[in-house]
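Me: I'd like to practise reading a structure with you, feature by feature. Could you take my questions as they come?

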Amino acid sequence: MNVFIKNVFYYKIREACCQFIHTETKLKKQAQWLKPTGYKTDIQIYNPITKCEVPLILKNKAVLTWYLCGPTVYDSAHIGHAVTYVYSDIIRRILSDHFNINVVMAMCVTDIDDKIIARSKDLKQNYKDLTKHYENEFIEDMKMLNVARPHLYCRVTDYIPQIIQFVKRILDKGNAYTTKDGSVYFDTHKYGMYGKLSTPISDSFHPDKKSPLDFCLWKTAKEGEPFWESPWAPGRPGWHIECSTIASTIFGNSVDFHSGGIDLMFPHHENEEAQSCCYHEVEQWVNYWVHYGHLSLKHEKMSKSLKNTISIRKFLEKYTANQFRILCLLSNYKNELQFSYDIMNNAVAVLHKIEHFISDCHNYIVGNWDTGNIDESTLFRCLEETKNSINTALANDFNTAKAMKSLINLINVVNKMLHDPQGSTNTFRTCIPAVAAVLNYTSEILFKFGISNPSAVNDSRMDSVIECLIKFRGAVRNKILEQDVKDKTLLTACDKVRSELSTYGIIIKDCKTETSWSIKKY
């Protein structure tokens with residue numbers, strides 16, 4: 001009965017608070033997105049405030065400032081985290097390598113918070129040693145996923161003096177207040193546009209808070225916890241203040257891009273925007289908020305609390321970084337991405353198709369191809385249409401799914417010509433420019449998307465050794481095929497050579513009596 005009464009009491013309080021929040025929000029100024037002044041680009045991007053696509057305008061010509069919420073380093077990263085950083089990397093590469101925009105990126109590394117303190121106590125390990133270990137692991141994970149490093153990794157603990165100054169200024173402006181224990185809270189009632197990104201909801205009923213929506217800027221430390229001295233009480237930064245301070249220290253009173261997972265929209269990004277606008281005395285601090293959809297497993301968000309995660313390193317034991325990136329490229333960065341082995345197998349198949357296409361084009365160009373019927377004018381026209389389609393897709397909110405569809409369509413067109421059994425090798429030389437142009441463009445787009453290209457074997461002596469082995473195998477195989485009674489033992493041996501070489505990235509293709517080989521490019 002006591003539990004029942006307690007639950008009823010809790011929900012009554014929550015209902016009252018939600019009603020209060022709803023009434024308070026209605027009285028506030030209607031939040032609007034302010035179109036930046038500066039330099040126009042040809043890009044449109046989704047805006048969570050206007051709920052539609054808006055033009056990307058940069059404050060500095062061809063330069064984009066970008067702040068990215070990074071990891072809280074108390075445990076290993078999983079592929080749910082990886083989605084956020086791979087999406088960021090894809091968009092960053094499109095901006096820099098396709099649209100020639102100079103992207104300057106900073107990422108926060110949260111190395112002090114409640115989860116870190118709790119984990120360090122559980123492991124009986126100093127929190128500094130714990131966070132340094134997982135920070136290094138995260139950086140190595142990103143390297144394995146071919147995610148380009150930000151220009152700055154910014155640890156929260158390196159910015160404590162700046163954070164204290166940031167909090168003090170907000171207090172001095174009357175937009176925050178201290179509580180009895182020395183904590184500092186942001187006064188959302190004083191800020192006229194709270195709820196800019198989403199409808200505020202709060203489950204926090206701290207007795208010293210003026211409003212359930214008010215959030216902590218400086219948190220008084222409990223006994224035995226790490227702390228820093230401050231004008232209010234020994235403690236540590238609140239969650240949101242760290243990102244506002246770091247981004248403001250680096251980029252000032254205006255940031256072009258600020259990104260993170262969709263779950264950070266509220267309260268994290270909402271609170272960052274509110275306190276930063278107050279600090280800088282501006283109506284808009286971030287010009288473009290970018291949010292990535294969750295990675296879900298069986299329709300549940302992949303998260304440590306649900307214990308349904310797959311670590312990045314465990315994932316890379318079965319799949320490659322390129323295969324994971326293809327998975328991301330085939331979806332919209334804003335949408336929830338369902339993970340399953342069937343979906344991953346589709347990504348693997350798409351990458352294999354691209355790899356085989358590149359190998360076939362290379363063999364056609366160097367003359368190791370005995371079929372094909374290339375319509376050069378059709379191919380050049382299809383290539384131009386594909387370029388236009390992909391450029392339009394990428395300029396329209398980085399629509400990589402549509403861009404990939406156009407690229408696969410181009411590959412299908414060329415494959416149909418290359419594998420036409422009615423074709424003749426007598427005409428292949430006149431069509432090399434068209435096939436080479438398609439190969440060059442495909443490789444260029446893959447590079448822009450961050451599909452890595454392992455170092456090819458350039459040693460001519462090694463090439464000669466491989467060529468010698470392939471010729472010997474081909475001679476043996478052809479001799480067997482000429483016989484009425486085939487020697488299955490020797491044919492099996494030839495197949496084994498082909499299989500074993502493929503594990504080293506050397507692809508052998510047998511076509512009638514001809515054999516071609518190539519080194520796997522991607």
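Me: In what sense do strand β4 and β5 pair, and over how many bridges?

Reply: Happy to start there, and please keep in mind that this is a predicted model. In general, strands of a sheet pair through backbone hydrogen bonds, either parallel or antiparallel. Here β4 (residues 102-109) and β5 pair in the parallel sense, over four bridges. For a single pair to look at, take C108, whose bridge partner in β5 is C154.

Me: What is the strand order of the sheet of five strands, and is it open or closed?

Reply: Read across the strands rather than along the chain. The order is β5-β4-β3-β10-β11, the sheet is open, and the pairing is parallel. An open sheet has edges, and in this one they are β5 (152-155) and β11 (286-292), each pairing on one side only. From one strand to the next, the twist averages 25 degrees.

Me: Which strands does helix α2 lie across?

Reply: For a helix on a sheet, look at which strands it touches and then at its direction. Helix α2 (residues 79-98) lies across β3 (63-68), β4, β10 (255-261) and β11, and it runs at about 175 degrees to β3. Helix α7 (residues 265-280) packs on this sheet too, touching β10 and β11, with its direction at about 165 degrees to that of β11.

Me: How do the axes of helix α5 and α7 cross?

Reply: Two numbers help with a helix pair: the approach of the axes and the crossing angle. The axes of α5 (residues 160-172) and α7 come within 9 Å and cross at roughly 75 degrees. With 65 to 115 degrees counted as roughly perpendicular, α5 is therefore roughly perpendicular to α7. Q165, F166, R169 and I170 of α5 make the contact with Q275, S276 and Y279 of α7. By class, those residues divide into three nonpolar, three polar and one charged.

Me: Which residues of α10 and α12 make the contact between them?

Reply: Let's take the geometry before the residues. Helix α10 (residues 341-366) and helix α12 (residues 400-418) have axes that come within 11 Å and cross at roughly 45 degrees. The two helices are therefore oblique to each other, and α10 passes α12 in a left-handed crossing. From α10, the contact uses V350, K353, I354, F357, D360, C361 and Y364, while α12 brings M404, I408, I411, N412, V414, N415 and L418. The tally for this contact is 10 nonpolar, two polar and two charged residues.

Me: And at what angle do the axes of α10 and helix α13 cross?

Reply: At roughly 145 degrees, with the axes of α10 and α13 (residues 432-448) coming within 10 Å. This crossing is left-handed as well. I354, F357, I358, C361, H362, Y364 and I365 in α10 meet I432, V435, A436, V438, L439, T442 and L446 in α13. Sorted by class, the contact has 12 nonpolar, two polar and no charged residues.

Me: Which are the edge strands in the sheet that holds β13, β12 and β14?

Reply: Begin with the order again: three strands form an open sheet, β13-β12-β14, and the pairing is mixed. The edge strands are β13 (300-301) and β14 (337-339), each of which pairs on one side only. Strand β12 (residues 295-297) pairs with β14 in the parallel sense over three bridges. Within that pairing, L295 has L337 of β14 as its bridge partner.

Me: Is I116 buried or exposed?

Reply: For a single residue, check accessible area and then neighbours. I116 is found in helix α3 (residues 114-123), and I116 is buried, with a relative accessible area of 0%. Leaving aside residues up to four places away in sequence, I116 touches T72, V73, Y74, T110, D111, Y127, L130 and T131.

Me: How many residues of helix α6 are buried?

Reply: The idea is the same, applied along a helix. In α6 (residues 239-251), 10 of the 13 residues are buried, so the helix is mostly covered. Among them are H240, E242, C243 and F251. Just after α6, G252 takes a positive phi of about 85 degrees.

Me: What does the whole protein come to in helices and strands?

Reply: The secondary structure comes to 15 helices and 16 strands. Of the 522 residues, 50% count as buried. Among contacts with a separation of 6 or more, 76% come from residues 24 or more positions apart.

Note on methods:
Residues are numbered from 1 along each chain as its sequence is written. This is a predicted model: local features need pLDDT of at least 70, side-chain atom pairs count only at pLDDT 80 or more; totals for chains, interfaces and linings use all residues. Side-chain values use heavy atoms; hydrogens and water are left out. Axes are lines fitted to C-alpha atoms, for helices over the stretch in contact, and angles run from 0 to 180 degrees between N-to-C directions. Angles under 35 degrees count as roughly parallel, over 145 as roughly antiparallel, 65 to 115 as roughly perpendicular and the rest as oblique. A crossing is left-handed if the near helix is turned anticlockwise from the far one by less than a right angle, and right-handed if clockwise. Contact means heavy atoms within 4.5 Å. Ala, Val, Leu, Ile, Met, Phe, Trp, Tyr, Cys and Pro count as nonpolar, Asp, Glu, Lys and Arg as charged, and the others, Gly among them, as polar. Two strands pair if DSSP finds at least two bridges between them. Buried means under 20% relative accessible area, exposed over 50%, partly exposed in between (1.4 Å probe, protein chains only).
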